[in-house]
Amino acid sequence: MSKRKFQYDSPTGRGSDLCSAMLLLATVYGSINVLQVEALRNYRDNVLMQNFVGRTFVDIYYSDTGISAGKSVVNFISTKARFAIPTIKKSLDTIVEGNS
């Protein structure tokens with residue numbers, strides 16, 4: 001089984017869209033260039049991409065539908081539910097701590 005790596009300049013050629021898929025992480029962590037986001041990328045590549053369910057989740061997340069939904073969620077959190085950011089961050093940090 002070959003490992004796929006999703007990058008901002010993805011094989012699909014949708015670099016800017018893939019960047020927008022990271023909006024939630026940027027909203028939560030203030031940047032996508034932090035160690036926590038790198039740990040989450042590693043989790044995606046080394047855990048999720050290793051089984052059918054994980055690959056399916058990643059495929060949906062990076063699909064046009066997933067990106068569109070993600071933008072809507074980020075917009076809602078950023079404008080109406082900023083109070084949820086610490087809870088989201090704590091949940092993501094659980095994954096980060098288990099995969100660092």
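Tyrosine 61 is partly exposed here, with a relative accessible area of 29%. Its ring and the ring of tyrosine 62 have centres 5.1 Å apart and planes at 85°, so the two make an edge-to-face pair. Tyrosine 62, for its part, is buried, at a relative accessible area of 8%. Keep in mind that this is a predicted model. Below is a quick tour of its aromatic rings, helix α3, its nonpolar core and its salt bridges.

**Aromatic rings**

- The structure has two aromatic pairs. Besides the edge-to-face pair of tyrosine 61 and tyrosine 62, there is a stacked one: phenylalanine 57 and tyrosine 61 sit 6.2 Å centre to centre, with 20° between the planes.
- Where do phenylalanine 57 and tyrosine 61 lie? Both belong to helix α4 (residues 52-61), and they are four residues apart, about one turn of the helix.
- Put together, Phe57, Tyr61 and Tyr62 make up one aromatic cluster.

**Helix α3**

- Helix α3 runs over residues 35-46, which gives it 12 residues. From its first C-alpha to its last it reaches 16 Å, close to the 16 Å expected at 1.5 Å a residue.
- Which residues of α3 are buried? They are Val37, Ala39, Leu40, Arg41, Arg44 and Asp45.
- Those buried residues pack against three other helices: α2 (23-29), α4 and α6 (85-98). That ties α3 to α4, the helix that holds phenylalanine 57 and tyrosine 61.

**The nonpolar core**

- In soluble globular proteins, nonpolar side chains tend to be buried together.
- The largest nonpolar core in this model has 14 residues. Met22, Leu25, Tyr29, Val37, Leu40 and Leu92 have the most contacts inside it.
- Helices α2, α3 and α6 are the elements that each give two or more residues to this core.
- What does tyrosine 29 touch, leaving aside residues up to four places away in sequence? Its contacts are Val34, Gln36, Val37, Leu40, Lys89, Leu92, Asp93 and Val96. Among them, Val37, Leu40 and Leu92 also appear in the list of core residues with the most contacts.

**Salt bridges**

- Side chains of opposite charge can pair when their charged atoms come close. How many salt bridges does this structure hold? There are three.
- Arginine 41 and glutamate 38 meet through their side chains at 3.2 Å, N to O. They are three residues apart in helix α3, so about one helical turn separates them.
- Is arginine 41 buried or exposed? Its relative accessibility is 15%, so arginine 41 counts as buried. Glutamate 38 is partly exposed, with a relative accessible area of 37%.
- Arginine 44 and aspartate 45 form another salt bridge, at 2.9 Å, N to O. Both of these residues are buried.
- Over in helix α6, the side chains of aspartate 93 and lysine 89 meet at 2.9 Å, N to O. This pair is four residues apart, about one turn of the helix.
- Aspartate 93 has a relative accessibility of 15%, so it counts as buried. Lysine 89 is partly exposed, with a relative accessible area of 28%.
- Tyrosine 29 links back to this last bridge, since both Lys89 and Asp93 are among the residues that tyrosine 29 touches.

Definitions and conventions. Residues numbered from 1 in each chain as written. Predicted model: local features only at pLDDT ≥ 70, side-chain atom pairs only at ≥ 80, totals over all residues. Heavy atoms only, no water. Phe/Tyr/Trp six-rings, centres within 6.5 Å; stacked < 30°, edge-to-face > 60°. Buried < 20%, exposed > 50% of the residue type's maximum accessible area, 1.4 Å probe, protein only. Expected span 1.5 Å × (residues − 1). Contact = heavy atoms within 4.5 Å. Core = buried A, V, L, I, M, F, W, Y, C linked by side-chain atoms within 4.5 Å. Salt bridge = Lys/Arg side-chain N within 4 Å of Asp/Glu carboxyl O.
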